[in-house]
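I opened a fresh page for this one and kept my notes in the order I looked things up. Have the model open alongside and follow along.

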Amino acid sequence: MKDAAPGTTGETIYLADYTPFGWTVEDVHLTFRLAPESTRVISKIRFVPNPEASQERFFLHGEELTLVSAKIDGQSVSPEITEQGLTCAVPEGAFTWEAEVEIAPAKNFALEGLYMSNGMYCTQCEAEGFRKITYYPDRPDVMSVFTVRIEGDEPVKLSNGNPVASGEGFAEWHDPWPKPAYLFALVAGELVAHPDRFTTRSGKDVELNIYVRPGDEDKCAFGMEALKKSMKWDEDVYGREYDLDIFNIVAVDDFNMGAMENKGLNIFNSSCVLASPETSTDANFERIEAIIAHEYFHNWTGNRITCRDWFQLCLKEGLTVFRDASFTADMRSEPVKRISDVIDLRARQFREDNGPLAHPVRPESFQEINNFYTATVYEKGAEVIGMLKRLVGDEAYAKALDLYFDRHDGDAATIEDWLKVFEDATGRDLTQFKRWYSQAGTPRLRVSESWDDGTFTLTFRQDTPPTPGQPTKLPQVLPIAVGLIGPNGDEVQETTLLEMTEAEQSFSFSGLGARPVPSILRGFSAPVVLQHETDTETRAFLLAHDTDPYNRWEAGRSLAKQALLRMITEGAEPDPAYLGALQTVITDETLDPAFRALTLALPSEDDLAQTLHEGGITPDPQLIWEKREEMREAMARWMPDQLATLYRVHQVPGEYRPDAEPAAARALANTALGLLTRLDGGEAARAQYASADNMTQKLAALTALLSIGAAETELAAFYEQWKEDRLVIDKWFSMQVAFARPEETADVAAALVAHPDFDMKNPNRFRAVFGALSMSQAGFHAPSGKGYALLADWLIKLDALNPQTTARMCAAFQTWKRFDAGRQAMIKAELERIAAREGLSRDVSEMVTRILNH
Ligand code: PHE
Ligand code: ZN
């Protein structure tokens, strides 16, 4: 659709087409006269011709704006307005643009631009939301200094930067750091602050606040501690200090994503900042700490150095995810963090890479950039940085990062800039490594071993399956961490990094007394699918002896997977060799309880389906679900006394603390409880539910009861107790769907959306039901097709209000080609039904087309 207007449905934007904007913006003055239905935004912007650009026509983005007046150098002008923006004849040199527009935040349900959440004004501008606030060159390479005046009766009125003046009915803010419009933010409402202070290492005193709705004040303390830890960590580890007098965080109930790094004014989905022992689980606490860190770290990696264009999104996101993962590893347990991240990467990113939505870490085209805030850009983007660090070493990494900050502070940079810094700091040629940014798909890494007279050889072969638009692939640079273990269980070769660059390559270790057992891809040193044919004994051996905690876990995981796959494909019984090895590990009190809890958890239904599909077998979701249940039953029956002991020994006495250590004990005890509940009819779980004083214990008991279909009383009590707390009621919604029996999942979801507390406008509530539906593989793919139809119905309804959240949820259908012809036909019909809707958003149209065209 070559002649479509920019930004309309069907128009594709290409990285290769980048050109700089014809002007630079010297400064921006904005005045907001707040009113729910008719907010006035008055802008005054100084444009100067950009010497590095050719002077094209003057175009400002603007969507859903009513232009009241426009002036250039004080003279009224009449620009030509389209749905995407305006053009206007302008003077040859520098000029001042002034405009007044009207917008209606109370009617903005897309939650992009200026909108209202529970009576409070807030903004979300990344990626292209600023154009819904006023006319502007809304692109990240246009950076400017903003001064903002907010007029309104709201007691709290916030924007970026430092406060400069305030009085009856107004507040003024000035942000001295040039920034792109996507980092602009404004908040106004009846809010209360949880205040604190932080002194940076150079002695600068910074005011900190977490702003919340009245009533949520008691849920801020943990987030504030996390913020201070993040500020300290970025100074200690990356040498980066905070750069304003004030740092504000605001909690908002209606938010499409997790949180947003607006300069000096981070805006958070309330689920990602509010925490209390009574309402939040250990997992919630850990996630909140990580997201606060993530947004804070963006101040340097994202804000001080931003992206030249949205194709470079991984420049800030991959790096910032990598930084927040390192932070969590430092604050908590490094191996546990790594294992959890790999589980998540396989569940979300490998799934994306293996289906119709596969795209490179740096995509080369898009229709709607909001559709590229993906596991590939974020999590694979972080893996790529992890590999780079492994390849160059810690010291060179630190040197390269210093150079990156020195050279690019204040820039809108590219992946080329990023890699050049590493090349200059280390003298390495990263040409081949760069393929990680351009080639989609997960490499398959096959390994074979040979042993000859004291020399052990590993031969690796890599190849990456085709992905949409990329039928053939080139070899990647793979850092493969390997160790060798002798027959007696001692390590004979400590971890060493092999650097694979060819399609096929061998590495030898000589001078060995006996044939060792290799431990390959330690720490998951590269995001690949390792295909290593080993027998049960070798896996059990590694589970018992590997010194690398990640690979030790992986050995247990592969044993579990092998046993489950045999149950599914051959009707085998649960493997006693697996159960025996598992028992040894989980009762080993020298091991971290969190590690043991992870070892006790089985591979997900999705993971099993993915593996079957890859092996040429059509997965049957119901059968996978049943066999997993059967395995859990077998685990419980195999070691009932040991599980009971684990449950007893790992109870945490005293007051609840969300720290890693007690959380690890709870994780292990609660995993044991889940299994024990299959034997005791729910007795222990009911007792725990009744006595627990914190959400972790309550929820573990409740979900254990739900999974045996015996939670009615507790579920009703839970609702009664928490019906006024939105975030807790989200849990109430989602767990009923997640733990329903597959044949009932869709009916449970359908009943819940009829509940008076269901509110489709709130993304958290919508996701509570439909996220749980689409993640429950057997329930979503139940043979009736009810799950598909229900989701499609609601995606159609939501798209009219909130395209961004709708489009993200379309990904539920991305695995459709894995399943049998009957299911494929039903899914295809639903996707076509969505695609045929009149007025479908660009977001959803792009997603559905990509999924269908595979
Ligand atoms: N930039 C945010 C983050 O990753 C994510 C986000 C994207 C939030 C788009 C809102 C909208 O920290
Ligand atoms: Zn981010």
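**Notebook: helix, pocket, metal and loops**

I began with Ser230, which I found in helix α1, residues 221–238. Before going further I reminded myself that this is a predicted model.

**Entry: Ser230**

Is Ser230 buried or exposed? I read a relative accessible area of 0% for Ser230, and under 20% counts as buried, so Ser230 is buried. Next I looked for a partner of its side chain. A polar atom of the Ser230 side chain lies 2.7 Å from the backbone oxygen of Ala226.

**Entry: the shell around ligand 1**

How many residues surround ligand 1? I noted 13, and the closest are Glu126, Glu261, Glu295, Glu317 and Tyr378. Sorting the shell by residue class gave me five nonpolar, three polar and five charged residues. I also asked which secondary-structure elements supply at least two residues of this shell. They are strand β20 (259–260), helix α2 (282–297) and helix α3 (313–331).

Then I went through the polar contacts of the ligand. On the nitrogen side, a nitrogen atom of ligand 1 sits 2.5 Å from an N or O atom in the Glu126 side chain. On the oxygen side, I wrote down Tyr378, with a polar side-chain atom 2.6 Å from an oxygen atom of ligand 1. His294 also has a polar side-chain atom by a ligand oxygen, here at 3.3 Å. How much of ligand 1 does the protein bury? Taken alone the ligand exposes 330 Å², and the protein buries 96% of that.

**Entry: the zinc ion**

I moved on to ligand 2, the zinc ion. Which side chains coordinate it? I listed His294 through NE2, His298 through NE2, and Glu317 through two OE entries, at 1.9 to 2.8 Å. Along the chain the donors follow the spacing H-x3-H-x18-E. His294 belongs to helix α2 and Glu317 to helix α3; they are 23 residues apart, and the pair links distant parts of the chain. I checked burial for both, and His294 and Glu317 are each buried.

Why is the arrangement around the zinc ion irregular? Six donor atoms surround the zinc ion, and the angles they subtend run from 50 to 162°. For six donors to count as octahedral, opposite ones must be over 155 degrees apart and all others between 65 and 115, so a 50° angle makes this arrangement irregular. For comparison I jotted down that ideal angles for six octahedral donors are 90 or 180 degrees.

**Entry: backbone oddities**

Back to Glu126, which I had already met as one of the closest residues to ligand 1. A cis peptide bond joins Glu126 to Ala127, with omega about -5°. Ala127 is found in the loop between β11 (120–124) and β12 (144–151). I added a reminder that most peptide bonds are trans, and that most residues other than glycine have a negative phi.

With that in mind I looked at the loop between β30 (517–520) and β31 (529–532), where Leu521 lies. Leu521 is not a glycine, yet its phi is positive, at about 65°. Phe524 lies in the loop between β30 and β31 as well, and its phi is also positive, near 50°. Are these side chains in the open or covered? Leu521 is buried, with a relative accessible area of 3%, and Phe524 counts as buried at 1%.

**Entry: a few positions further along**

Phe507 has its place in strand β29, residues 504–509. Its relative accessible area is 15%, and the cut-off for buried is under 20%, so I put Phe507 down as buried. I then took a C-alpha to C-alpha distance from Phe507 to Glu724: they are 62 Å apart in space and 217 residues apart in sequence.

Val769 lies in helix α22, residues 763–775, and counts as buried at 0% relative accessibility. The C-alpha atoms of Val769 and Ala746 are separated by 10.0 Å, with these positions 23 residues apart along the chain.

My last stop was Arg837, in the loop between α26 (821–835) and α27 (842–852). Is it buried, exposed or partly exposed? At a relative accessible area of 44%, Arg837 is partly exposed. Its C-alpha is 7.8 Å from that of Ile796, and the two residues are 41 apart along the chain.

Notes: Residues numbered from 1 in each chain as written. Chains lettered and ligands numbered in written order. Predicted model: local features only at pLDDT ≥ 70, side-chain atom pairs only at ≥ 80, totals over all residues. Heavy atoms only, no water. Near = heavy atom within 4 Å. Polar contact = N/O pair within 3.5 Å; in protein donor to acceptor, adjacent residues only side chain to side chain. Areas by Shrake-Rupley, 256 points an atom, 1.4 Å probe, with all protein chains shown as cover. Helix = DSSP H or I, 4+ residues; strand = E, 2+ residues; numbered from the N terminus. Nonpolar A, V, L, I, M, F, W, Y, C, P; charged D, E, K, R; others polar. Donors = N, O, S within 2.8 Å, 3.2 Å for Na, K, Ca; no water. Tetrahedral: all angles 85-135°; square planar, octahedral: opposite > 155°, others 65-115°. Buried < 20%, exposed > 50% of the residue type's maximum accessible area, 1.4 Å probe, protein only.
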